[in-house]
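Below are some remarks on the model, set out as numbered points for a colleague who has the sequence and the coordinates open. Each point takes up one region.

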Amino acid sequence: RSARDVPPEQALEYVLGYSCANDVSARRWQKHGGGGQWVRGKSFDGFCPLGPWLVTADEIGDPQSVELSTSVNGIEQQRASTGAMIFPIAELVAYISRTITLVPGDVILTGTPDGVGFAQDPPLFLTDGDEVAVTVEGIGTLRNTIRFV
């Protein structure tokens, strides 16, 4: 159901479920061609795949105790627990609902753990043909092959 001005104590009551997301970023474009708009480098066709399915909130239990990882071509790049999030999911839902009415079908991405490619030394950028696998405990693995068009 719609959520507006929801207190953190009730926020999880508005969450239908959880899934995996690959929050793809065109870093070079963000830095040089985005006109200062960070979000535009995350908005190209094919970016932000979701899945492989939606798991209902009751199947997850405590959303702040879920392990997640990301690998590129089978090499793990990120591993963390949602317990390490700066802002818990309930606080995010409450905060967003203060200025935006959340409606059924809205998706909130909660951020990414350490290990983002461009911040590595040396930086790691995705190339054509790379396979990215995002795994979330209790949900599954979302696999995507990067294709430059």
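1. At 9% relative accessibility, Asn22 falls under the 20% limit and therefore counts as buried; this is a statement about a predicted model, as is everything that follows. Asn22 sits in the loop between strand 1 (17-21) and helix 2 (27-32). Leaving aside neighbours within four places in sequence, Asn22 is in contact with Cys48, Pro49, Val132, Val134, Leu142 and Asn144.

2. Cys48, one of the contacts of Asn22, deserves a look at its backbone, since its phi is near 65°, a positive value in a residue other than glycine. Cys48 belongs to the loop between helix 2 and strand 2 and, with a relative accessibility of 27%, counts as partly exposed. A positive phi is also found at Asp5, which is not a glycine either and has a value of about 55°; Asp5 lies in the segment before helix 1.

3. The peptide bond that joins Gly51 and Pro52 is cis, with omega at about 10°, and I would ask that it be inspected in the display. Pro52 itself is placed in strand 2, which covers residues 50-56.

4. Strand 3 (residues 67-72) and strand 4 form an antiparallel pair over six bridges, and within this pairing Ser69 stands opposite Arg79 of strand 4. The hairpin made by strand 3 and strand 4 has two residues between the strands, and in it Asn73 takes a positive phi near 55°.

5. How many salt bridges does the structure hold? There are two, and one of them links Glu76 with Arg79, where the closest N and O atoms are 2.8 Å apart. Arg79 is thus named twice in this note, as the residue that Ser69 stands opposite and as the partner of Glu76 in the salt bridge. Glu76 is partly exposed, with a relative accessible area of 43%.

6. The other salt bridge brings together the side chains of Glu131 and Arg143, with a distance of 3.5 Å from N to O. Because Glu131 lies in strand 5 and Arg143 in strand 6 (residues 140-145), the pair ties together parts that are twelve residues apart in sequence. As to the surroundings of the two partners, Glu131 counts as partly exposed at 30% relative accessibility, whereas Arg143 is exposed, with a relative accessible area of 52%.

7. Just after strand 4 (75-81), in the loop that leads to helix 4, comes Thr82, a residue that is buried, with a relative accessible area of 9%. A polar atom of the Thr82 side chain lies 2.6 Å from the backbone oxygen of Pro63, and this distance may be worth checking by eye. When residues up to four places away in sequence are not counted, Thr82 touches Pro63, Gln64, Ser65, Val66 and Leu68.

8. Which residues of helix 4 are buried? They are Ile89, Ala90, Leu92, Val93, Ala94 and Ser97, and what covers them includes helix 1 (8-11) and strand 1.

9. Val93 can be followed in greater detail: this residue of helix 4 is counted as buried at 7% relative accessibility. Apart from residues up to four places away in sequence, Val93 touches Ala11, Val15, Leu102 and Ile108. For Val93 and Ile108, the separation in sequence is 15 residues, while their C-alpha atoms are 8.1 Å apart in space.

10. Finally, on the surface, Leu50, Val107 and Leu109 make a nonpolar patch of about 270 Å². Val107 is located in the loop between helix 4 (89-97) and strand 5 (131-136), and it is exposed, with a relative accessible area of 54%. What is the state of Val93, buried or exposed, by comparison? Val93 counts as buried at 7% relative accessibility, so the two valines fall in opposite classes, under 20% for buried and over 50% for exposed.

Methods: Residues numbered from 1 in each chain as written. Predicted model: local features only at pLDDT ≥ 70, side-chain atom pairs only at ≥ 80, totals over all residues. Heavy atoms only, no water. Patch = residues over 30% accessible without salt bridge, like charges linked within 9 Å, V, L, I, M, F, W, Y side chains within 5 Å. Areas by Shrake-Rupley, 256 points an atom, 1.4 Å probe, with all protein chains shown as cover. Salt bridge = Lys/Arg side-chain N within 4 Å of Asp/Glu carboxyl O. Helix = DSSP H or I, 4+ residues; strand = E, 2+ residues; numbered from the N terminus. Buried < 20%, exposed > 50% of the residue type's maximum accessible area, 1.4 Å probe, protein only. Polar contact = N/O pair within 3.5 Å; in protein donor to acceptor, adjacent residues only side chain to side chain. Contact = heavy atoms within 4.5 Å. Pairing = 2+ DSSP bridges.
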